[in-house]
Each structure stands twice: as C-alpha cells, then as structure tokens.
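This report introduces a protein structure to a reader who has not met it before. The sequence and the model are shown first, and selected residues and the domain arrangement are then described.

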Amino acid sequence: MVMKHPKLFIAGKWCETERSMPVVNPYDNSLIAEVPIAGARETGRAIDSARTGAEIMRAMPAHSRARILARTAELIEKHIDDFTGLIIAEAGKPRKYARIEVTRAIETVRLSSEEAKRIAGETVPMDAAPGSEKRRGFYIRVPVGVIAAITPFNFPLNLVVHKVAPAIAAGNAVILKPASKTPLTALYLAEILLDAGLPPEALNVLIGPGNTVGTALVRSRDVGMVTFTGSAGVGELLGRDCGIKKLTLELGSNSGAIVDETANLDKALERCLIGAFAYSGQVCNHTQRLIVQKDIASDFINRFLLATSRLVLGDPQQAETDIGPLIDATAQKKAQEFVDDARAGGAELLCGGRAEKTIFLPTVLSQVRPEMAVVCEETFAPIVSVETFGDFSEAIDRFNRGARSGRYRYGISAGVFTRDINRAWRAIEELDVANVYINDSATFRVDLQPYGGVKESGIGREGPRFAIEEMTEIRMVSFNLD
Ligand code: NAP
C-alpha cells in the first residue's frame, strides 16, 4: 500500500480530523485505510486557501502551467504500478482495466499540458456593426478562479484528472472532493501534483460525504464553477443547490449498440462484449442495450452468450480476471432488483442473473420492453438486455425512445455496427445522444474528444480542450479609436 496514513490536503498541509471513515476493498471487504472526514471548518479553510491559489494560478504563465502538468504525467507514469494497485484495491477494478485507466490518465494530463499553451481568444469584426467602424475588438479567455471538482468512484484517477488537469491548464485553483469509496487514488495524485511543482494552494483535497462536504462546496459563493461527474439524481440536486455559477454535469445513461445484418459480426461481438462487461458495467457509457437485426439475432446472441461464458470471474488483482466485484452491497441489491423486475415483467434470463459473493454474474436478458427499468434506467452493473429489429428505422426508434415517456431520459453514447454508409449517416443524424460511434461499441472513448451527455445525461463537455473552454470565461475587449 503506497499510502499508509492518508490525510486531507488543505492550505498546503496534510491534516487529520477527529472523525474518520473506512475505505474498503470491494472484493473481500477488507479494510484498506481509515480516512479523515472534513467538517465545515476544514471546508471553509479549503475554500479560503483556494481563493489564494486562484490568485497564484492566474498570475502563472502558460508555459509554467504546461510544465507542471507535463511533469505530473511523467510522475504518474513512473508510479504506474502504485496507481494501478490503488485502483484495484479501492475500486475493485480488474487489473487489466485498472492499468488502462492509469495509461489513459497519463494521456489526459499530457493533453492538458499541451492545451495549456493554446488558450486563446479571437478578434471580433467590430466594424460589421454600423456605428462601430472605429472600434477594434477581441476577446480573451480568463480563468474562472476557484473550481470545485466532485468525482465518482468508477474512474478514481482518470475522471479526477479530467477535471484537475484542465483546471490547472486554464489557470484555476481546484478543490477536489473525490468519491468517499475511492479517495486514496486522488490523495496520491495530489502528492504527485505537489512533487511536480504545483503551488500547494492551487489544490485542496477534502474527503467526506457528498451531502455535507459536496453540498457546502456547491453552495459556496467563493466557488466560481462546479464540475461534477456522478449519478443523475445527485446531478439534479447540484443543479438546484449551486445558484448562479458555472456548472458542468457528466451523468449516467442507458447507452447501447445497434448491430445490423451488414456488420462485421466478429468485430461487433468483440467490442460489444467489452462494452457490456468491462468493470462489470460500472461505466457511464456501458453498453447495456443490444439492438440486433432479427435475421442475425439468434446467431449473434448465441455467440455473445458463448463469449460471456468464457469471461474469467474473480479476484481483480489477477491479471486474467475480466469480471470483479460490484462496488458495494447496495449496488448488488440494485442489480438484483433490475433482473427480478425484468423477469417479473416477462423478460427471459439467458445467463447470470444473480451474485456469487461480491461478484454479480454477467447477465443477459431478452424479451425486454422499453418501459422496463433494465432498459430505460441506468443499470451500472454487468446486465445487458437484447432487443431485435426489422428495418433500420425501427432500430433508431428503439434506441431513442421509451414507450411510456416518448423519449428515454438519457443520452450519452450509441455504437452502430453497419457497413451501410447511408444507415451510418442516418444514425449520426437521428440518434438522440452526444456520441455516435460507427463500428465501435457505446463504451468507446478517447480522452481528447469532446465527451458528455444530452438530456438528463449532462450539461457541458469534458476532454481537455473542451473542459478548458468550460473552465474559462470569455472577456470581451473593445478599443474605441474615435
Ligand atoms: P454519485 O453517488 O452520484 O456520487 C458522485 C460524487 O458526488 C461523489 O463524490 C459523492 O460523494 C458526491 N455527492 C453525493 N451526494 C452529493 C450531494 N448532495 N452534493 C454534492 N455531492 C454529492 O455517483 P457514483 O456512484 O460515485 O458514480 C456512479 C455514477 O457516475 C453513475 O451514474 C455513472 O453513470 C456516473 N458517471 C458518469 C460519467 C460521465 O462522464 N458521464 C463518468 C463516470 C461516472 P460520496 O461519495 O461521499 O457520496
């Protein structure tokens, strides 16, 4: 264990409090660490420190911000095994996926370092407005100031750096509140950022319940922006709590894939399998729905079931493990309810459908209907439902809408497997999502792309370049030459 005595990081100091909470390994429920819980006093001190941090960062030149981030990427790479170990231990993420997360995080920080040098405005053609012929104008981008970053358990490193690194690149100070289940990776990252030369006031890390520490940050008038990744329910609360400040929300979804009869089925199968079951479906763009053309459905589903039966279940520490635990008993219970509710409504269970100790078995259901929770809500578990379609219009219709509401509430990603260029374009234009991936599963993402959701899946975009846009304000400048 790299971190023996994890502490809060406030105003440049590591500190403890009187209250603490356990961090538990989700696979065997063993205790990994006790972490201090921040109270109102610590939260207030962190906000004060971040205000100072914002002044320091605002004055720091772009090349210095870029250098700190480049050095951070190097240090994460140097400590790749430590980070991988922490993610396995506290998130229960199988080693192969934990390692990918760290590799992606290095890339996210590097991209942010590069983007730090490209933050620019543009000229505004003032003479296009009658009466302003003698004016010259341009706008610049200035940092927001203090940014509160609230993050989920499922990517304890990469989704933290997707907020912290662009915030630094843009010249802001950050107060980070990681998920209570996975705070250790974030604390280790804080150590690395300090080693890389980040001024201590530019990063404060608070640990504690979202509904106390998180709420206090969100409501603070000294915080200029809240960047949140988590569930739609909490996102909605934040929207109400935050008042008039910048807000980005990266929330959940019921993403899925369409597979038509022209597709390369081998590739579709391989990608849908990973999309369905990577990290036991605890991914916001989890491929939880498979919508398959009816002529190929039986063959495709049989092959999908065979491939599912070959997945290796077990200890996330082991290199060969594909499926590890769900994050906790509440998640297990919810997963079971999704399956039981679907079966009670007439769905057919093709495999899985129950837990073995902390592992929920990879589950496939058919004969589902759009109004079933397993289809229209986010399962966040290794549960996949299969629907079939006749012509491509039906596929799009099935993807987009729930029978009762007229429209599914979520919209992150759609994977579309087809060799038909016209269908691909129809999908791009008609699917009600923020990301359409032709010949990839819904669960695809590269870290430089604009990433987010539509409808109740979120507001705003991440990906360093796009996060920097969210984390800066446009300041218009006009010179009157008259
Ligand atoms: P969560 O329960 O919503 O928690 C996310 C964060 O919000 C945690 O740090 C949590 O603190 C905090 N929080 C909880 N209640 C709060 C409140 N009232 N005010 C302020 N903060 C509060 O989500 P999760 O279970 O950790 O993560 C899974 C969810 O995240 C899924 O829905 C998934 O789809 C979504 N997600 C979305 C994306 C995306 O990019 N769209 C990526 C990854 C995950 P505590 O931990 O202390 O409760």
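## A buried loop residue

With a relative accessibility of 3%, N285 counts as buried. The structure is a predicted model, and the description of N285 and of the other residues below refers to that model. N285 is placed in the loop between α9 (265-277) and β13 (289-293).

Which residues does N285 contact, apart from neighbours within four places in sequence? The partners are S253, S255, I412, S413, A442, T443, F444, R445 and Y451.

## A buried helix residue

T72 belongs to helix α2, which covers residues 62-78. Is T72 buried or exposed? T72 is buried, because its relative accessible area is 1%, and the cut-off for buried is under 20%.

Setting aside neighbours within four places in sequence, T72 touches V109, I192, L193 and A196. One of these partners, A196, is 124 residues away from T72 along the chain, yet the two C-alpha atoms are separated by 5.4 Å. The side chain of T72 also has a polar atom 2.7 Å from the backbone oxygen of I68.

## Two domains

How is the protein chain divided? Domain 1 comprises 8-251 + 458-478, and domain 2 comprises 256-446. Domain 1 is thus assigned two stretches of the chain, whereas domain 2 is given as one. Taken over C-alpha atoms, the centres of domain 1 and domain 2 are separated by 31 Å.

## The interface between the domains

In the contact between the two domains, 24 residues of domain 1 meet 29 residues of domain 2. The area buried between domain 1 and domain 2 is about 2200 Å², and carbon and sulfur atoms give 59% of that area.

How many salt bridges does the rule find across the interface of domain 1 and domain 2? The number is two. In addition, seven residue pairs are in polar contact between domain 1 and domain 2, with both residues at pLDDT 80 or more. On the side of domain 1 that touches domain 2, at least two residues each come from α3 (80-91), α4 (95-116), α5 (158-169) and β23 (461-462). The largest share of that side comes from α4, with four residues. By residue class, the side of domain 1 that touches domain 2 has eleven nonpolar, five polar and eight charged residues.

A salt bridge is also found between the side chains of D328 and K181, with 3.2 Å from N to O.

## A helix residue with a polar partner

R423 is found in helix α14, residues 421-430. The side chain of R423 is joined to that of D260 by a polar contact of 2.7 Å. Besides D260, the contacts of R423 beyond four places in sequence are E261, T262, F392 and T418.

## Loop residues with positive phi

Two loop residues are described here for their backbone angle. N29 is not a glycine, yet its phi is positive, at about 60°. N29 sits in the loop between β3 (20-24) and β4 (31-36). N29 counts as exposed because its relative accessibility is 54%, and the cut-off for exposed is over 50%.

F380 likewise is not a glycine and has a positive phi, of about 50°. The loop that holds F380 runs between α12 (373-376) and β18 (383-389).

Terms used. Residues numbered from 1 in each chain as written. Predicted model: local features only at pLDDT ≥ 70, side-chain atom pairs only at ≥ 80, totals over all residues. Heavy atoms only, no water. Domains from an automatic or database assignment. Contact = heavy atoms within 4.5 Å. Buried area = accessible area lost by both parts, 1.4 Å probe. Salt bridge = Lys/Arg side-chain N within 4 Å of Asp/Glu carboxyl O. Polar contact = N/O pair within 3.5 Å; in protein donor to acceptor, adjacent residues only side chain to side chain. Nonpolar A, V, L, I, M, F, W, Y, C, P; charged D, E, K, R; others polar. Buried < 20%, exposed > 50% of the residue type's maximum accessible area, 1.4 Å probe, protein only.
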